[in-house]
Amino acid sequence: MSQKAAMNLSALSSLPVWAQASRRSNSPGVLTTANLPGGLVTFLLGSRVAEVASETTEVVHLCVQNGKDFAQRKLQLDVKFPGDAQEAPAPFEEILVASGARALALFSPSCCAVVALSELSAKLETRLEKSEALVVSPRPGQKLVKVAWHPMSDAHLGVLFSDGSWSLLNLALSLDEPEVHFPAPLMGAEISVDFQFLAPNEDGRGETPEDLWLSMTVVFLAASGRISYRNPVLPSAAVLSRRSCEALQLALAQAASSDDFAAQLAGQLQTSQVEEVLLLRHRHHLHGGAQPFSLSSTGLLEQVVEEAVSVSSERSSSSFCSLQVCCSSPLLVIARAARRGNVELLALEAAIGPYGAQGAVAARVLEEIDLMCNKSTPDEFVRLESLGDRSGLIVHTRSLLASIDVSLSAGGLATVTTLAETRSNDMDFASWSRVDQGVGLLLRMERSSKDAKPRATVNPSKSFLTLIELPKKAAAEKASSYGHMSKLSPSSLHLLEQPLSSSKATSVAPAELAKRVAALRSGIASLQCRQDFLKHLAEKSFPARAEVLKQELQLETSTLRRRAADSAQRAQALQLRQAELVQRQAALVKALSAASEARQLEELSGAALPKLYAQLYELRRAAELLRSSQQALAIPEVIRPKNRQLMLAQN
């Protein structure tokens, strides 16, 4: 494997694409990057060159950098809209590069333009390429909600429509008839607003049967927050490594006992060696013609993730818009974002398996994160992007760019780091793209003063291209995400377009039988290695870890017991102190009562007592006078004259 030349990302500001992005223009402000073995490729959507009733001419600027070498190219696309279109659609909002960087898609709600890419190299001279784009348009009365390339094929595009239906298109065969189609739901409240292919990790891991089954799963998000998934969704032509192909076949064989669709799919797989990779093909789809394709079997039926907690009133009023898988080990953690800027992390309590092999998968909300976005931003735009090592995600809004590090093994669950933020209503974060070595490109644009919309389409607006450094743990290599598809040479891409042979022979050739036996033996060898590894864990690693945990538990128990004894002593001291305080309170109340009574007596003796004595004296004199008058009245009349005579004699 050739070593990729180091890229001087600090010198990006000197490249022509930087000057092209940082200027005043009518550009819609759409940018993305692809880190390929041939170098770092930057795609920038320019302004429309021409526009008529049903046809436009778009320009995409490409800049390929490999070390000190760089080359600039210009791709001119003629987009012709089918049907009776009276006017051209709105500007394209997103650039999507296929898994192997062999195709490019421009997305807008009214259509999706797809064009094939030639070889990208920094050694090529600057040139202008003209081509006519393939146009994927919605049905009448519908709009496109999201499109995404399948991670196993550069010819298959997943399309979500506004009515909630979903299709997997094979662009090499038909733009209207899908290979796989899921109809719109019957309930309007459960219409999907986002979907996600669960691609393997970008760091090269994820080649076990469980990971490959996960890579054949499509997850959907409704505006109410309802999460559902369907599997196995496998393109008719997929490019995989040998280990991944063996793991995929083993995953389908394991699911065949409970999933009829997986059993039929496993019986029709055909593999062929193409250069350094394997081409995996089957005919069990709407274009296959081997047998009628139906969703009535157990496979591809919708499975709903049931939340273990009741939905709060605040969450029920939220309108979710974006979905992303941010962690796959030891638990599958799915992040969903609301238009208000809230991000919820949900952990699935069981692995995603085939339909019928298990009941409904339960999930629990681990954490709710409020990003505190600028509420004055008129465009409620929230987009989640996964990091390559499945350890977190990037949150991109019109006013905020932040990274969320999710670590279930560490003490903290989620760590939010603000990468860029603006509180001004005159500036928007129009586009963001992650590059390798822990950096990314952020395209900021001024809003038009006329309509204050994020994308300037009438008046020229100033744009700024900024290099953003990601946290160290989020600095995942992006090159491996284009590993298997990028190993195909352009001369081998026609194999993706060839239909499978419809041979009716029932006998198996000896060479094919030997190949199957070799694949089975390699799968058994892989299982033996895994068995030895699990045996090592069960006999040595887990007991040692359990002993360490037991010692830690004993230490923590002794510490807790010591703390409990100290707490009991403190409680007893507090009780004694409380009894003493009660006694002191009673003595204080008694003293205060005596003092109050003495003070009342003093007031009584100083003012009211003399008056009382005077009144008593008057009452006593009055009583004596009354007594004297009563005694005088009680003397008889016989005695009175004698007393007069005696008195007269004396006189």
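Q: What share of the contacts in the chain with a separation of 6 or more comes from residues 24 or more positions apart?
A: This is a predicted model, in which local features need pLDDT of at least 70, side-chain atom pairs count only at pLDDT 80 or more, and totals for chains, interfaces and linings use all residues. Residues are numbered from 1 along each chain as its sequence is written, and side-chain values use heavy atoms, leaving out hydrogens and water. A contact means heavy atoms within 4.5 Å. Counting contacts in the chain with a separation of 6 or more, residues 24 or more positions apart account for 61%.

Q: How many helices and strands does the chain have?
A: Helices (H or I, at least four residues) and strands (E, at least two) are DSSP runs, numbered from the N terminus. Counted that way, the secondary structure comes to eight helices and 33 strands.

Q: What part of the chain is buried?
A: Let's set the scale: buried is under 20% relative accessible area, exposed is over 50%, and partly exposed lies in between, using a 1.4 Å probe and protein chains only. The chain has 651 residues, and the buried part is 42%.

Q: Which strands are the edges of the open sheet β7-β8-β9-β11?
A: Two strands pair if DSSP finds at least two bridges between them. This sheet has four strands with antiparallel pairing. The strands that pair on one side only are β7 (94-97) and β11 (134-136).

Q: Which residue in β11 stands opposite Val114?
A: Strand β9 (residues 111-116) runs antiparallel to β11, and three bridges join them. Opposite Val114, in β11, stands Leu134.

Q: Which residue in β28 stands opposite Leu384?
A: Here we turn to another open sheet of four strands, in the order β27-β28-β29-β30 with antiparallel pairing. Its edge strands are β27 (382-386) and β30 (414-421). Five bridges join β27 to β28 (residues 392-397). In β28, the residue opposite Leu384 is Val395.

Q: Which helix gives the largest share of the largest nonpolar core?
A: A nonpolar core is a set of buried Ala, Val, Leu, Ile, Met, Phe, Trp, Tyr and Cys residues joined through side-chain atoms within 4.5 Å. The largest one has 31 residues, and those touching the most other members include Met152, Trp166 and Leu234. Six residues of this core, the largest share, come from helix α3 (residues 242-255).

Q: How many residues are in the other core, which includes Phe43 and Val60?
A: This core lies apart from the largest one, and its members also include Val64 and Leu77. Its number of residues is 26.
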